[in-house]
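Q: Could you take me on a close look at one part of this protein, the open sheet and what packs around it? I'd love a connected walk-through that I can follow on screen.

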Amino acid sequence: MPIKRPVAGISIGLVSEKDKHVLISDIQGDEDHYGDMDFKIAGTQKGVTGIQLDIKTDGISEEVVRGALEQAREARLHILKTMLATLPAPRKEINPNAPRLLQIKINPEMIGKLIGPGGKMIRAIQEETGAKLDVEDDGTVSIAHSDGAGAEEARRRVEALTMDVKVGAVYDGKVISIKEFGAFIEIMPGRDGLCHISELDAGYVAGWTMW
């Protein structure tokens, strides 16, 4: 996702004995279990964005805090350098295989049509696209899917079923019957109209049966 700058984190551990101590970067289970501190520090190249500290001693000195912050800064910059070498900038588009959560708004009066008798329509969209749909009373439709193509197909079907037909708009439709005076075309599920022969390009008339 587009962000101002990347963020990385590191954990700094502490092993101390009397007046001696050692700071350990990227602590593992043993150091965390037997050590005296687990100091998690996250940030960007510009500075710290978040910290979380667990200690098992009565307290830690300013020297330990300063040392941990400096050690974490060096480690963080190293991690960020490696990250940027692999992916220098956010991708322009989300991976098509990434999960999606889309939201669209429909006319609340069209909710019944989207759901259908006994939930027939919304159930069909979910079964045929693999998406999970949730509809709220204000017309907000949430579409969840494990990939982008399925989410977009579910959105297309919801919009096709609930959108208002607008004069002058261009629609892709399916010819459902042909008459001597023209063709009846379904432009949305359950919505069709007559395209009079006078409105058709003469070059396409002979190709009706191919539509």
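A: Happy to. Let's start with helix 5, which lies across strand 5, strand 6 and strand 7, running at about 15° to strand 5. Please keep in mind that this is a predicted model.

Now to the strands themselves. They form an open sheet of 3 strands in the order 5-7-6, paired antiparallel. Strand 5 and strand 6 (132–135) are the edge strands, each pairing on one side only. On average, neighbouring strands here are turned by 15° against each other, ignoring direction. If you zoom in on strand 6 and strand 7, you will find 4 bridges joining this antiparallel pair. One place to look is K132, whose bridge partner in strand 7 is A144.

Helix 5 has company: helix 4 lies across strand 6 and strand 7, and runs at about 155° to strand 6.

Next, the core. The largest nonpolar core has 15 residues, and I106, L114, I125, L133, V141, I143 and V158 are those with the most contacts inside it. Strand 5 (100–105), helix 3 (111–115), helix 4 (120–129), strand 7 (140–145) and helix 5 (148–162) each supply at least two of its residues. Helix 5 gives the most, with 4 residues.

I125 is a nice residue to centre your view on. Leaving aside residues up to four places away in sequence, I125 touches L114, G130, L133, A154, R157, V158 and L161. Apart from this core lies another one, of 11 residues, including L14, F39, A68 and A75.

Back in the sheet, T140 deserves a stop of its own. T140 lies in strand 7, and it counts as buried because its relative accessibility is 11%, where the cut-off for buried is under 20%. Its side chain makes polar contacts with two other side chains: that of K105, at 3.3 Å, and that of D138, at 3.0 Å. Beyond residues up to four places away in sequence, T140 touches Q103, I104, K105, D134 and V135.

For a last stop, swing over to helix 2, where A68 and A75 are among the buried residues, along with V64, A72, R76 and L80. What covers the buried residues of this helix includes strand 1 (8–17), strand 2 (20–25), strand 3 (37–43) and strand 4 (48–55). The length of helix 2 makes a handy check too: at 1.5 Å a residue, its 25 residues (62–86) should span 36 Å, and its end C-alpha atoms are 36 Å apart, so the two values agree.

Technical notes: Residues numbered from 1 in each chain as written. Predicted model: local features only at pLDDT ≥ 70, side-chain atom pairs only at ≥ 80, totals over all residues. Heavy atoms only, no water. Core = buried A, V, L, I, M, F, W, Y, C linked by side-chain atoms within 4.5 Å. Buried < 20%, exposed > 50% of the residue type's maximum accessible area, 1.4 Å probe, protein only. Contact = heavy atoms within 4.5 Å. Pairing = 2+ DSSP bridges. Axes fitted to C-alpha atoms, helices over the stretch in contact; angles between N-to-C directions. Expected span 1.5 Å × (residues − 1). Polar contact = N/O pair within 3.5 Å; in protein donor to acceptor, adjacent residues only side chain to side chain.
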